[in-house]
Structures are given as C-alpha cells and as structure tokens.
Amino acid sequence: MGDNAATTFRDRVLEQGPVDVTNPVIAWVRFWTQGWRFHGRASRSEFWWVVALELAVVGAALWIVGVHGTGGRWELYVDPLGAVPSPLVSFHLLDRGQGAWFGWGSGPRDVWPDAWDLALLVPTIVTIVPRWSLLVRRLHDRDHTGLWILLLVFTGPIGWLVVMGMVTFRARPEGARFDRGLFAGRRVPDGDRQQVLPTTTGVA
C-alpha cells in the first residue's frame with residue numbers, strides 16, 4: 001500500500017504493519033512513534049528512508065562539531081542499525097569514586113565529554129532502542145526472526161554483510177506471521193500458502 005491522497009498523514013504514521021513510504025517525514029515520525037514496538041514489520045522503503053535521514057543529520061552534526069568543537073573524538077559509522085556517530089575515545093559518564101568510572105566508547109583515551117560531545121552522545125543513546133526495533137521489524141518483513149541481529153554482536157564484519165543483505169531484498173508475505181508478536185507464528189506450509197498470501201500486506 002503506497003502513500004496516497006485518500007489516506008491522512010496521521011493514518012500513515014499510526015498504521016500497523018509494513019507501509020510503503022514515499023514521504024521521508026512519515027518514515028521519520030514512524031521511527032519515533034513505533035520505535036518501541038519489536039513485533040510487526042517495517043517495509044524496505046521505511047527502513048532506508050530512516051537510514052538516509054540519519055546519514056544526513058549525523059553527517060551535518062559531525063561537521064558542526066568538527067568546526068566548532070571536539071570533532072577529533074568522533075567518526076561516522078554506518079551498519080544495519082543505522083548511521084550513528086561513533087566515539088574514537090572512551091567517555092567517562094559516571095564517576096564511581098576511587099578512580100572507578102562508568103563510560104561509553106572503546107578508544108585509547110579516557111576523557112570527560114564536553115557540551116559538544118553531549119550533543120552527540122544524548123541523541124545516540126536515546127535512539128538505540130528505536131534503531132534496534134526498526135531493524136528487527138525489517139527482518140520480520142523478510143520473514144526472518146529478529147534474533148539475526150545477534151550476528152552484529154558476535155560476528156563483526158561478517159554479520160554486518162549478512163544482515164545488510166537480509167534487509168536489502170524485497171519483502172516476503174510470509175513475514176506476516178510476526179505481526180502477532182516478536183516470536184509468534186510459524187512458517188506457513190506450502191500447501192496453505194496460497195490461502196494466506198491474498199490477506200497479507202507485505203510491501204517492498
């Protein structure tokens with residue numbers, strides 16, 4: 001189902017299931033309003049619009065920080081979870097006393113974030129869950145369980161390539177089984193598939 005004049009903006013944002021998005025604003029609003037929903041599906045267009053918007057926003061933010069702040073502490077990182085600023089240092093976020101601290105990042109230097117760093121840290125942390133949920137719903141649209149995201153954690157570049165390939169291809173109507181829950185449903189037997197396909201709403 002694509003964007004059309006007969007459907008309001010609000011309906012497109014709140015619609016459950018995969019939505020064929022031609023308006024990037026709809027994709028961006030859905031990213032925030034449905035970012036805590038790990039069941040269901042996300043269309044290919046919805047997923048890539050969010051990645052493209054993140055790339056533009058993060059690229060602009062890193063340029064501003066590079067010109068006016070501590071840009072040498074950051075780089076742009078893109079993977080199936082989206083386009084995010086990645087720290088080149090280890091930031092101290094919480095002082096536990098006696099030299100112990102809680103932080104974020106894996107760089108060779110340990111530093112306290114300044115105001116420019118916080119301008120990148122806070123949005124990055126706030127969007128962690130919406131980015132993960134969007135990827136899980138995109139995998140569902142391809143009829144894959146969201147557990148495939150564990151490849152990004154345990155296999156590094158290999159998992160990056162595998163998951164990226166998964167989210168790139170067109171939707172599979174069988175992914176509708178995930179509309180009932182994160183792990184709900186079972187694969188439809190080939191003999192029954194023809195009865196299921198007309199009722200699904202899988203889109204590219």
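**Entry 1: aromatic rings**

I began with the rings, working throughout on a predicted model, and found that ring pairs link Trp28, Phe31 and Trp32 into a cluster. Counting over the whole structure, I arrived at five aromatic pairs. Within the cluster I looked up Phe31 and Trp32, which pair edge-to-face, with 5.3 Å from centre to centre and 80 degrees between the planes. I then asked how accessible each partner is, and noted that Phe31 is buried at a relative accessible area of 1%, whereas Trp32, at 35%, counts as partly exposed.

Another pair that I looked up is Phe47 with Trp48, also edge-to-face, for which I wrote down 5.0 Å centre to centre and 85 degrees between the planes. Here Phe47 is buried, with a relative accessible area of 2%, while Trp48 is partly exposed at 31%.

**Entry 2: the chain as a whole**

I stepped back to place these rings in the overall fold, and counted eight helices and five strands in the protein chain. Read along the sequence, the order is α-α-α-β-β-β-β-β-α-α-α-α-α, so I noted three helices, then the five strands, then the remaining helices, taking helices and strands as DSSP runs. The chain has 204 residues, of which 40% count as buried. For contacts between residues at least 6 apart in sequence, I recorded that 54% join residues at least 24 apart. The exposed area of the chain is about 10,800 Å², and carbon and sulfur atoms supply 65% of that area.

**Entry 3: Glu46 and its surroundings**

Which residue does the side chain of Glu46 meet in a salt bridge? I found Arg30, with a nitrogen-to-oxygen distance of 3.2 Å. This pair links distant parts of the chain, since Glu46 sits in helix H3 (residues 44-68) and Arg30 in helix H2, 16 residues apart. I checked the accessibility of both partners and found that Glu46 and Arg30 are each buried.

Staying with Glu46, I looked at Pro18, whose C-alpha atom is separated from that of Glu46 by 8.0 Å although the two residues are 28 apart along the chain. Pro18 belongs to the loop between helix H1 (9-14) and helix H2 (24-33). I noted a relative accessible area of 3% for Pro18, and because buried means under 20%, I entered this proline as buried.

**Entry 4: other salt bridges**

The structure holds seven salt bridges in total, and I followed up two more of them that involve the loops around H7 and H8. As a reminder to myself, side chains of opposite charge can pair when their charged atoms come close.

Arg41 and Asp179 meet through their side chains in a salt bridge of 2.8 Å, N to O. I placed Arg41 in the loop between H2 and H3 and Asp179 in the loop between helix H7 (157-168) and helix H8 (190-196), so that this bridge links parts of the chain 138 residues apart. Are the two partners buried or partly exposed? Arg41 is buried, with a relative accessible area of 1%, whereas Asp179 counts as partly exposed at 31%.

Arg177 forms a salt bridge with Asp143, and I read 2.6 Å between the closest N and O atoms. This pair, too, links distant parts of the chain, with Arg177 in the loop between H7 and H8 and Asp143 in the loop between helix H5 (128-141) and helix H6 (150-154), 34 residues apart. Both Arg177 and Asp143 are buried. I also noted that salt bridges with shared partners join Arg41, Arg138, Asp141 and Asp179 into one network.

**Entry 5: Asp79**

I finished with an acidic residue that lacks such a partner, namely Asp79, which lies in strand E1 (residues 74-79) and is buried yet has no salt bridge. Why is there no salt bridge for Asp79? The nearest side chain of opposite charge, Arg131, is 6.0 Å away, and because a salt bridge requires a nitrogen within 4 Å of a carboxyl oxygen, I could not enter Asp79 and Arg131 as a bridge. What I did find is that the side chain of Asp79 reaches the backbone nitrogen of Leu81 at 2.8 Å. Leaving aside residues up to four places away in sequence, I recorded that Asp79 touches Trp160 and Met164.

Notes:
Residues are numbered from 1 along each chain as its sequence is written. This is a predicted model: local features need pLDDT of at least 70, side-chain atom pairs count only at pLDDT 80 or more; totals for chains, interfaces and linings use all residues. Side-chain values use heavy atoms; hydrogens and water are left out. Helices (H or I, at least four residues) and strands (E, at least two) are DSSP runs, numbered from the N terminus. Buried means under 20% relative accessible area, exposed over 50%, partly exposed in between (1.4 Å probe, protein chains only). Lys and Arg count as positive and Asp and Glu as negative; His and the chain ends are not counted. A polar contact is a pair of N or O atoms within 3.5 Å; within protein, one must be able to donate a hydrogen and the other to accept it, and residues adjacent in sequence count only if both atoms are side-chain atoms. Contact means heavy atoms within 4.5 Å. Accessible areas come from the Shrake-Rupley method with a 1.4 Å probe; for residues, only the protein chains shown count as cover. Rings of Phe, Tyr and Trp (its six-membered ring) pair if their centres lie within 6.5 Å; planes under 30 degrees apart count as stacked, over 60 as edge-to-face and the rest as tilted.
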